[in-house]
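Q: Please bring up the model. I have some short questions on internal space and helices.
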Amino acid sequence: MKADAYASVRYPDFRRFITGHFLASLGLQMQTVAIGWYLYERTDSALALGGVGLAQVLPIILLTLPAGHLADRFNRKHLLILTVALEVLVSIGLAAVAHAHGAISLVYLLLVINGIARAILSPARDALGPQLLPLELLGNGATWRSGLFQLSSVLGPAGAGFVIATFHSATPAFIATATGNALFILLLLRVQPRAYATASRGVTWKSLLAGVHFIREQRILIATITLDLFAVLLGGATMLLPVFAKDILHVGPRGLGWLMAAPSLGAMIAAIPLARNPMQRAGRALLWAVTGFALATIGFGLSRSFPLSMVLLALIGGFDMVSVVVRSTLMQVLTPDELRGRVGAINALFIGTSNEMGGFESGVAAAILGPVRAVVYGGIGSLFVVAGVARIWPEVRTFGALVEPRAKT
């Protein structure tokens, strides 16, 4: 039975929220490409690209627990506005460094500050979204959020590649990021989320670890987070795309923009049937999707054709979209309102560390093994992760529809 694919976007506040998130993500994707190209142009080092992930992931690791408690104790909308404003300042700083050809160390310092903002921003943003929709529409809302994020990930990298090639500078891309985040703030000012039960005022170890305890009791959440964490950690090839664009496929900054956009183009295509046809056998779909993700990653590492590489990256994004929808929907449906910040912080820790540490791992592996072997071996490792998760958590294989009763607390 087909659902109303537009159900969640009929709510004005949710529409404002995802529009602002889209604009901020559009700028962020441009900034990601610009940082990668700028650093590789100046250093000619894959390890320098890995440092981008490391600089941003350390604050996420250190601040996860207090950030989640902040999101449950204070006004999530106000917290989100403050952290997005900090990201605006970071982007302006990166633009200044790129324009003046400042020290590389300043880039990493600004990325650390950006990591601090992201550590606090992610749980506040992820907890605010469900306050704008009824429970039965959280899955549809998650698909729309993911789909628009992927759209930004298509337009952003392609736009960044065009801008860098046209102006021979990364500065305009950083300015675009600051602009997108500023527009997000303006839209957030008009959002009126429904009330929820806030966390107790006292900060204790028990309250800080409440999100950890909740996830530990939900085996299906542990399984999906583990699968995503290690598959992306081992199989992520995105951080090495500047190397492939410049030294292997020889397509320059415009080609890099399209390579960065290809996974999101595939994710957008996958989002269309996911919005109209909610998964009835989500567990098996998840396992097959991560298997496809791993095989496409191996194929990309071996490819020497730009069109074939584009297709394989699109497949990577399409398979990853299935994983994102399953995990994010389960997280939103199972988590009670008063724990959303802390549970979202734990989720952001795992997902953020998988992306950023995956980038660091890819940079180190490429420096030791070369970029091709690093990507291929990572894809093989992801296949072993799928087999391990299916064996350790057999309930994943039998898990059915995503709309499940809310977990007990």
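A: The second largest cavity holds about 50 Å³ of space. A cavity is a set of points on a 1 Å grid, over the protein atoms alone, where a 1.4 Å probe fits but cannot get out; its volume is the space filled by probe spheres set on the points, which are joined across faces, edges and corners. This is a predicted model, with local features requiring pLDDT of at least 70, side-chain atom pairs 80 or more, and totals for chains, interfaces and linings using all residues. Side-chain values use heavy atoms, without hydrogens or water, and residues are numbered from 1 along each chain.

Q: How many cavities of 30 Å³ or more are there?
A: The whole structure contains 4.

Q: And what lines the second largest one?
A: Asp-228, Ala-231, Val-232, Ala-289, Val-290, Phe-293, Phe-319, Asp-320 and Ser-323 line the second largest cavity, each with an atom within 4 Å of a point. Helix 9 (219–235), helix 12 (282–302) and helix 13 (306–334) each give two or more residues to this lining.

Q: Which helix and strand totals does the chain have?
A: The chain has 16 helices and 0 strands, as DSSP runs of H or I with at least four residues, or of E with at least two.

Q: Why does the length of helix 1 look right?
A: Its 32 residues (12–43) should span 46 Å at 1.5 Å a residue, and the end C-alpha atoms are 46 Å apart, so the two agree. The expected span is 1.5 Å times one less than the number of residues. Just after helix 1, Asp-44 has a positive phi of about 55°.

Q: What about confidence?
A: Mean pLDDT, the predictor's confidence from 0 to 100, is 80 for the chain, with 85% of residues at 70 or more.

Technical notes
1 Å grid on protein atoms, 1.4 Å probe; cavity = no way out; pocket = protein on both sides within 12 Å on 5 of 7 lines; lining within 4 Å.
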